[in-house]
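Work through the following exercises with the sequence and the model open. Each task is followed by a solution in steps.

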Amino acid sequence: MSGFVFSEKPIQIASGSGPYLYDPDGTEYLDFGASYAVAAVGHSHPQVVEAVQRQAADLMFVQASYPVEARTELYEKLAALAPGDLSNVWLCNSGTEANEAAMKFARSATGREKIVATKRAFHGRTMGALAMTWKNKYRDPFEPLAGGVEFVSYGDSEELAEAVDEETAAVFLEPVQGEGGVNPADPAYLQAAREVTAEAGAALVFDEIQTGVGRTGTLWAAEAAGVTPDVLTTAKGIASGLPLGATVVADWIAEAAGDHGSTFSGSPVVAAAANATLDVIVEEDLPAHAAEMGSYLKDELAAATDEHDLPVREVRGQGLMLGVEVKRGANRVLRDLALEHGVLALPAGRTVVRLLPPLVVNEDHADRVVSALTEVLS
């Protein structure tokens with residue numbers, strides 16, 4: 001018997017180290033997808049592994065109403081690292097749960113129902129987060145979804161301003177759309193969103209599930225835009241693959257957030273993994289490294305496109321969150337990269353190859369990917 005939700009790829013993974021994954025025979029794959037940005041510090045980072053083993057030996061689990069050192073440390077760490085004055089932390093198990101919580105907190109704190117989200121957005125697959133996700137292929141099988149969601153064009157400040165009114169509880173934005181095609185927002189758009197939500201008394205929610213913890217060249221993409229939201233959600237790279245999401249909110253949201261909870265909120269083992277992961281990211285200044293390597297990779301991809309006249313429409317993104325828009329199907333490109341060159345990457349729609357490598361990759365890794373893409377696309 002096998003699982004029925006995921007279509008399995010023809011590569012079995014047995015182990016991983018740094019930016020590499022290995023099959024049972026020892027075949028090496030350079031991981032430039034990091035399982036959707038999860039392996040931020042690389043696979044099986046020794047500091048994270050040691051923290052998990054130590055915590056598991058002491059205490060595997062106790063519910064969140066009992067203080068545990070690892071969980072308390074994570075609360076404090078996230079509050080200290082979050083942008084602006086965001087200092088109230090709720091922990092869960094995934095990005096979609098973090099966004100569900102943000103949706104509930106915003107509605108409770110404002111007493112309003114309406115949520116404004118953007119076209120091409122992806123906020124998760126549970127019924128609330130799915131209602132804010134744009135693609136019909138994700139939504140249609142599960143209708144009717146949660147109501148009160150209005151979609152606007154991503155990047156259009158005027159359309160956003162028209163949509164936000166006295167009935168709006170929150171505006172949900174990805175600072176860089178991931179699933180929607182790796183589309184970075186103009187900082188002016190995010191700043192305009194901050195202004196219109198503040199004027200309307202609505203919450204501004206930044207979904208940093210994929211952009212957070214250093215991926216785009218700063219610890220949070222919000223920082224590069226000079227904007228502090230009322231709510232920030234994060235997951236994926238925060239705990240090196242152990243299931244964790246977090247919703248970090250301003251005081252005015254926390255004070256009227258309503259009754260919410262989760263059995264597995266801040267599991268001690270997962271919290272230990274997150275603490276170690278965040279320590280590595282900060283101590284090794286991986287956001288700055290991501291900015292440097294992202295710029296290098298982007299430049300090399302552009303140069304290869306020009307030199308070899310590759311069928312590439314655009315290379316875009318921030319830091320180590322890059323999209324290569326190709327003129328033929330992205331899935332075919334990804335298949336050839338994996339099977340012929342041992343390079344793993346991801347799609348972002350039909351025509352975008354998404355590169356989300358571990359933040360520890362170097363120029364040699366980037367050169368290998370550029371060379372592989374050049375051969376596949378030539």
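The model is predicted.

**Exercise 1. The four-stranded sheet**

Task: Give the strand order of the open sheet of 4 strands, and state which strands stand at its edges.

Solution.
Step 1. The order is β13-β14-β17-β16, and the pairing is antiparallel.
Step 2. The edge positions belong to β13 (312-318) and β16 (346-347); each has a single partner strand, so one side of each lacks a neighbour in the sheet.
Step 3. The antiparallel pair of β13 and β14 (residues 321-326) is joined by 6 bridges. Within this pair, Gln318 is placed opposite Met321 of β14.
Step 4. Helix α12 (residues 286-308) packs on the sheet and touches β13, β14 and β17 (352-355). The direction of α12 makes about 175 degrees with that of β13.

**Exercise 2. A strand covered on both faces**

Task: For strand β11 (residues 231-234), decide whether its two faces are covered or open, then find its partners.

Solution.
Step 1. In a regular strand, side chains alternate between the two faces of the sheet.
Step 2. On one side of β11 are Val231 and Thr233, on the other Leu232 and Thr234. All of these are buried, and both faces of β11 are covered.
Step 3. With β10 (residues 203-207), β11 pairs in the parallel sense over 3 bridges. Phe206 stands opposite Leu232 here.
Step 4. With β12 (residues 245-249), β11 pairs in the antiparallel sense over 4 bridges. Thr233 has Thr247 of β12 as its bridge partner.

**Exercise 3. Buried or exposed**

Task: Classify Phe4 and Thr133 as buried or exposed, and describe the setting of each.

Solution.
Step 1. The cut-offs needed are under 20% relative accessible area for buried and over 50% for exposed.
Step 2. Phe4 has a relative accessible area of 78%, so Phe4 is exposed. Phe4 lies in the segment before β1 (15-17).
Step 3. Together with Val5 and Phe6, Phe4 makes a nonpolar surface patch of about 470 Å².
Step 4. Thr133 has a relative accessible area of 1%, so Thr133 is buried. Thr133 sits in the loop between α5 (127-131) and α6 (136-139).
Step 5. Leaving aside residues up to four places away in sequence, Thr133 touches Ala121, Phe122, His123, Gly124, Tyr138, Arg139 and Phe151.

**Exercise 4. Backbone exceptions**

Task: Describe the backbone at Ala37, at Asp285 and at the bond from Glu143 to Pro144.

Solution.
Step 1. Most residues other than glycine have a negative phi, and most peptide bonds are trans.
Step 2. Ala37 has a positive phi, near 75 degrees. Ala37 belongs to helix α1 (residues 34-37) and is buried, with a relative accessible area of 3%.
Step 3. Asp285 also has a positive phi, near 50 degrees. Asp285 lies in the loop between α11 (268-283) and α12 and is partly exposed, at 44% relative accessible area.
Step 4. The peptide bond from Glu143 to Pro144 is cis, with omega near 0 degrees. Pro144 is in the loop between α6 and β6 (149-152).

**Exercise 5. Salt bridges**

Task: State how many salt bridges the whole structure holds, and place some of them in the chain.

Solution.
Step 1. Side chains of opposite charge can pair when their charged atoms come close.
Step 2. A search of the whole structure finds 12 salt bridges.
Step 3. Glu50 and Arg54 meet in a salt bridge at 2.4 Å, N to O. The two residues are 4 apart in helix α2 (residues 46-58), and therefore separated by about one helical turn. Glu50 is partly exposed at 40% relative accessibility, and Arg54 is partly exposed at 46%.
Step 4. Glu179 forms a salt bridge with Arg354, with the closest N and O atoms 3.0 Å apart. This pair links distant parts of the chain, 175 residues apart: Glu179 is in the loop between β8 (176-177) and β9 (183-184), and Arg354 is in strand β17. Both residues are buried.
Step 5. Arg194 and Asp230 meet in a salt bridge at 2.7 Å, N to O. This pair also links distant parts of the chain, with Arg194 in helix α8 (residues 187-200) and Asp230, 36 residues apart from it, in the loop between α9 (221-225) and β11. Arg194 and Asp230 are both buried.
Step 6. Glu73, Lys77 and Asp279 are linked in a network of salt bridges.

How values were computed
Residues numbered from 1 in each chain as written. Predicted model: local features only at pLDDT ≥ 70, side-chain atom pairs only at ≥ 80, totals over all residues. Heavy atoms only, no water. Pairing = 2+ DSSP bridges. Contact = heavy atoms within 4.5 Å. Axes fitted to C-alpha atoms, helices over the stretch in contact; angles between N-to-C directions. Patch = residues over 30% accessible without salt bridge, like charges linked within 9 Å, V, L, I, M, F, W, Y side chains within 5 Å. Areas by Shrake-Rupley, 256 points an atom, 1.4 Å probe, with all protein chains shown as cover. Salt bridge = Lys/Arg side-chain N within 4 Å of Asp/Glu carboxyl O. Buried < 20%, exposed > 50% of the residue type's maximum accessible area, 1.4 Å probe, protein only.
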